[in-house]
Amino acid sequence: MAKLVGIFAASHGPIIARDWETMPRDHRAKLTAAFDEIGRRLRACRPDLLVVVSPDHWVNFFINNLPAICIGIGDEHDGPPEPFMKKVYPHTVLKGHAAFGRHLLQTALDNDFDPTLSHRLTLDHGTCIPLWRIGVDPELPLVPILVNDLEAPMPSIRRCLAWGRLLRRAIESYPEPLRVAVLGTGGLSHSIGETTMGWIDETFDHACIDAFARGEERQLDAFLTEQLDRTGNGAHEIRDWVIAHAAAGSSGFELIDYFPSPVTLVGAGFASWKAPAA
Amino acid sequence: MTDYWLSKLFFDLQHDAQLVTDSRADMAAVMERYRIKPEVRRALMDDDVAALSPLVNAYLLRFYFQVRGMPQDEFMARLHAMSAPGAPAAEKVTHG
């Protein structure tokens, strides 16, 4: 059977790619150290497959057809379309893992979840900035899960917790002996294209980190459900961390680093969770 | 309130380099391809961030003004002015 061997989360932001070479050196060093630490831990757990939980920044979907959750079940996916990404992450095709993707989809349907599916997703900066900076082997197969983190109404935190538990169940019921890691991307607080653009809500971020560290799902749900509409819109991407958190069994959270990153407009957070005992 | 055709224009600009080129050459002609309301058309021609903001997803709004060539600092300043004392009350944006 497959097993969950690593669970991680990391922020992203287009400026990380667009202005990487020109951003202040000390800031680049902090980002590098955090991403590198996730990379070190990811390589140490020797995954055969990486499930990446990310938002879609209006690349695959529009408001005429906007799924809450989409699972990428193809053998391949397209690399990032943004011009600023092509310079730093020139992979035009990324490997998928159709068999596990289909298993995850079927497990979801069998458990009364109703995701949409895609045989070929385009993976934008939200997925690919962490892959680039963490140094994920471009040959490592990916199963993307795209979550609507951008346009209300979005999946509830309660539902994201349930998705995380479902993801864990799918991993542990997959019949091949795969080593599977999970990476949630996005957050923490940031504000994009709204009247508070540039605001990094450190109070929210620290409370959010505390809620993950405590682990308890009902408290995390209550806190995020209450607070997400009161902070910047980018914080909605925390849903991807929530899915990772529940996949980890809602325990074992470890903050790798957090710092407000006004250069990139995000509250930059990096974390891992203890993998379940074998 | 989401304006579908304005959103569609912004979305298409994100995906179609030729449309971007066309919009830079003749924005009015590009708007003819969409069912853009007269008041929205005026806001587009005036680069009126405050008028457009309640009508589209905030990420699409940001992308559009990048395409228009508005510097980020200016874009942010125009957004911030919407919540400044004395500014008209901004509609609660229901999209992220």
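1. Starting with chain B: 32% of its 96 residues count as buried. Bear in mind throughout that this is a predicted model. Chain B is a helical affair, with 7 helices and 0 strands, so to speak an α-α-α-α-α-α-α run from the N terminus on. As for how the chain comes together, take the contacts in chain B between residues at least 6 apart in sequence: 66% of them join residues at least 24 apart.

2. Next, where chain B meets chain A. The contact draws 21 residues from chain B and 16 residues from chain A. On the chain B side, the elements giving two or more residues are helix H1 (4-15), helix H6 (58-67) and helix H7 (72-82). H6(B) supplies the largest share of that side, 5 residues. Sorted by class, the chain B side has 11 nonpolar, 9 polar and 1 charged residues.

3. Over in chain A, have a look at strand S1 (residues 3-10). It is largely enclosed by the rest of the structure, because 7 of its 8 residues are buried. S1(A) runs parallel to strand S8 (residues 179-185) of chain A, with 7 bridges joining the two. If you want a residue to check in that pairing, Phe8(A) stands opposite Leu183(A) in S8(A). S1(A) also pairs with strand S10 (residues 266-273) of chain A, this time in the antiparallel sense and over 4 bridges. There, Ala10(A) has Phe270(A) of S10(A) as its bridge partner.

4. Helix H6 of chain A (residues 157-172) deserves its own point. Its 16 residues reach 23 Å from first C-alpha to last, close to the 22 Å expected at 1.5 Å a residue. Quite a list of its residues is buried, including Ile157(A), Trp163(A), Leu166(A), Leu167(A) and Ile171(A), and Arg168(A) is on that list too.

5. On to the nonpolar cores. In soluble globular proteins, nonpolar side chains tend to be buried together. The largest core here has 80 residues, and the members touching the most others are Leu167(A), Val182(A) and Ala244(A). H6(A) gives this core its largest share, 8 residues.

6. Val182(A) is a handy place to see that core up close. Leaving aside neighbours within four places in sequence, Val182(A) is in contact with Leu4(A) and Ile7(A), with Val51(A) and Val53(A), and with Leu167(A), Ala244(A) and Ala247(A).

7. Finally, don't miss the second, separate core of 29 residues. Its members include Leu150(A) from chain A alongside Leu9(B), Val40(B) and Tyr64(B) from chain B.

How values were computed:
Residues are numbered from 1 along each chain as its sequence is written. Chains are lettered from A and ligands numbered from 1 in the order in which they are written. This is a predicted model: local features need pLDDT of at least 70, side-chain atom pairs count only at pLDDT 80 or more; totals for chains, interfaces and linings use all residues. The expected span of a helix is 1.5 Å times one less than its number of residues. A residue is buried if 20 or more other C-beta atoms lie within 10 Å of its own, exposed if 12 or fewer, and partly exposed in between; C-beta atoms are placed from the backbone. Two residues are in contact if their C-beta atoms, placed from the backbone, lie within 7 Å. Ala, Val, Leu, Ile, Met, Phe, Trp, Tyr, Cys and Pro count as nonpolar, Asp, Glu, Lys and Arg as charged, and the others, Gly among them, as polar. Two strands pair if DSSP finds at least two bridges between them. A nonpolar core is a set of buried Ala, Val, Leu, Ile, Met, Phe, Trp, Tyr and Cys residues joined through C-beta atoms within 7 Å.
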